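Welcome! Grab a pencil and work through the exercises below at your own pace, checking each solution as you go.

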Amino acid sequence: MPAAYDCLKCPGYCCSYPQISLTKADVTRLAKHFDLPFDKAEKKFTRSDYGRKWVMRRKKDTHFGKICRFFDTEKRNCTVYTARPSICRSYPNEKRCGYWDFLSWERKHQEDPDYVATTGSGDWP
Ligand code: SF4
Ligand code: SF4
């Protein structure tokens with residue numbers, strides 16, 4: 001059954017999570033993608049936080065305050081799609097995406113197909 005959400009029309013809520021955890025295999029994949037040694041990729045792309053060894057570094061974003069460092073904030077998409085972490089591959093793990101449902105509802109009621117509804121999560125570290 002097709003997914004009931006459209007990531008290509010979404011501003012990337014899931015990429016604005018403060019805690020995007022990576023496994024060792026995820027860091028290795030990114031290191032290979034950028035042709036970097038593991039330790040360089042680890043330092044450049046990740047930090048230790050939330051009790052996790054590797055969480056994604058973030059950067060500023062107009063809509064959400066901060067977002068994954070690999071997110072293109074103009075085109076609103078992932079710049080490392082083929083090398084993205086496993087958690088990004090599996091999300092949202094089911095046919096529906098709660099963010100998409102929220103966004104669709106707001107766009108309908110604002111009568112604006114491009115409206116970007118925010119949740120205030122931009123204040124997070
Ligand atoms: S929040 Fe949902 S619809 Fe938006 S990019 Fe992520 S998975 Fe796709
Ligand atoms: S790696 Fe790509 S899909 Fe995953 S959070 Fe970052 S921008 Fe989003």
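The exercises that follow are about a predicted model.

**Exercise 1. Describe how β1 and β2 are arranged with respect to each other.**

Solution.
- Step 1: Find the two strands. Strand β1 covers residues 46-49, and strand β2 covers residues 52-56.
- Step 2: Look at their direction. The two strands pair in the antiparallel sense, over three bridges.
- Step 3: Pick out a bridge. Arg 47 has Val 55 in β2 as its bridge partner.
- Step 4: Look at the connection. With two residues between them, β1 and β2 form a hairpin, and Tyr 50 in the turn has a positive phi of about 55°.

**Exercise 2. Now try β3 and β4: how many bridges join them?**

Solution.
- Step 1: Locate the strands. β3 spans 58-61 and β4 spans 65-68.
- Step 2: Count the bridges. Four bridges join β3 to β4, and these strands run antiparallel.
- Step 3: Name a partner. Lys 59 is matched with Ile 67 in β4.
- Step 4: Look at the link. Three residues connect β3 to β4 in a hairpin.
- Step 5: Visit the loop. Thr 62 is located in the loop between β3 and β4. Its relative accessible area is 76%, so Thr 62 is exposed.
- Step 6: Relate Thr 62 to another part of the chain. Thr 62 and Pro 113 are 51 residues apart along the chain, and their C-alpha atoms are separated by 18 Å.

**Exercise 3. Classify the ring pair of Tyr 13 and Phe 64, and explain what the pair ties together.**

Solution.
- Step 1: Start with the total. The model has nine aromatic pairs.
- Step 2: Use the geometry. The ring centres of Tyr 13 and Phe 64 are 5.0 Å apart and the planes meet at 55°, so this pair is tilted.
- Step 3: Place the residues in the chain. Tyr 13 belongs to the segment before α1 (24-33), while Phe 64 belongs to the loop between β3 and β4, so the pair ties together parts that are 51 residues apart in sequence.
- Step 4: Check the surroundings. Tyr 13 and Phe 64 are both buried.
- Step 5: Widen the view. Tyr 13 and Phe 64 belong to a cluster linked by ring pairs, together with Tyr 17, Tyr 91, Tyr 99 and Phe 102.

**Exercise 4. Do the same for Phe 38 and Trp 54: what kind of aromatic pair do they form?**

Solution.
- Step 1: Read the geometry. The distance is 6.1 Å centre to centre, with 80° between the planes, and the pair is edge-to-face.
- Step 2: Place the rings. Phe 38 is part of helix α2 (residues 38-45) and Trp 54 is part of strand β2, so the pair ties together parts that are 16 residues apart in sequence.
- Step 3: Judge the exposure. Phe 38 has a relative accessible area of 27%, so Phe 38 is partly exposed. Trp 54 has a value of 12%, so Trp 54 is buried.

**Exercise 5. Which classes of residue make up the shells around ligand 1 and ligand 2?**

Solution.
- Step 1: List some neighbours of ligand 1. Among them are Tyr 5, Cys 7, Tyr 13, Tyr 91 and Trp 100.
- Step 2: Sort the shell of ligand 1. The shell has nine nonpolar residues, no polar ones and no charged ones.
- Step 3: Turn to ligand 2. Its neighbours include Cys 15, Met 56, Phe 70, Val 80 and Cys 88.
- Step 4: Sort the shell of ligand 2. The shell divides into 10 nonpolar, no polar and no charged residues.
- Step 5: Find the site. Ligand 1 sits in the largest pocket, and the space taken by ligand 2 is also described as the largest pocket.

**Exercise 6. Examine the backbone at Pro 92, Asp 35 and Glu 111.**

Solution.
- Step 1: Begin with Pro 92. The peptide bond joining Tyr 91 and Pro 92 is cis, with omega about 5°. Pro 92 is in the loop between α3 (86-90) and α4 (98-110).
- Step 2: Go to Asp 35. This residue is not a glycine, although its phi is positive, at about 55°. Asp 35 lies in the loop between α1 and α2. With a relative accessible area of 70%, Asp 35 is exposed.
- Step 3: Finish with Glu 111. Its phi is near 55°, a positive value in a residue other than glycine. Glu 111 is in the segment after α4, and at 73% relative accessibility Glu 111 counts as exposed.

Notes:
Residues are numbered from 1 along each chain as its sequence is written. Chains are lettered from A and ligands numbered from 1 in the order in which they are written. This is a predicted model: local features need pLDDT of at least 70, side-chain atom pairs count only at pLDDT 80 or more; totals for chains, interfaces and linings use all residues. Side-chain values use heavy atoms; hydrogens and water are left out. A residue is near a molecule or strand if one of its heavy atoms lies within 4 Å of it. On a 1 Å grid over the protein atoms alone, a cavity is a set of points where a 1.4 Å probe fits but cannot get out, and a pocket is an open set with protein on both sides within 12 Å along at least five of seven lines; lining residues have an atom within 4 Å of a point. A molecule sits in a cavity or pocket if more than half of its atoms lie within 2 Å of its grid points. Ala, Val, Leu, Ile, Met, Phe, Trp, Tyr, Cys and Pro count as nonpolar, Asp, Glu, Lys and Arg as charged, and the others, Gly among them, as polar. Two strands pair if DSSP finds at least two bridges between them. Rings of Phe, Tyr and Trp (its six-membered ring) pair if their centres lie within 6.5 Å; planes under 30 degrees apart count as stacked, over 60 as edge-to-face and the rest as tilted. Buried means under 20% relative accessible area, exposed over 50%, partly exposed in between (1.4 Å probe, protein chains only).
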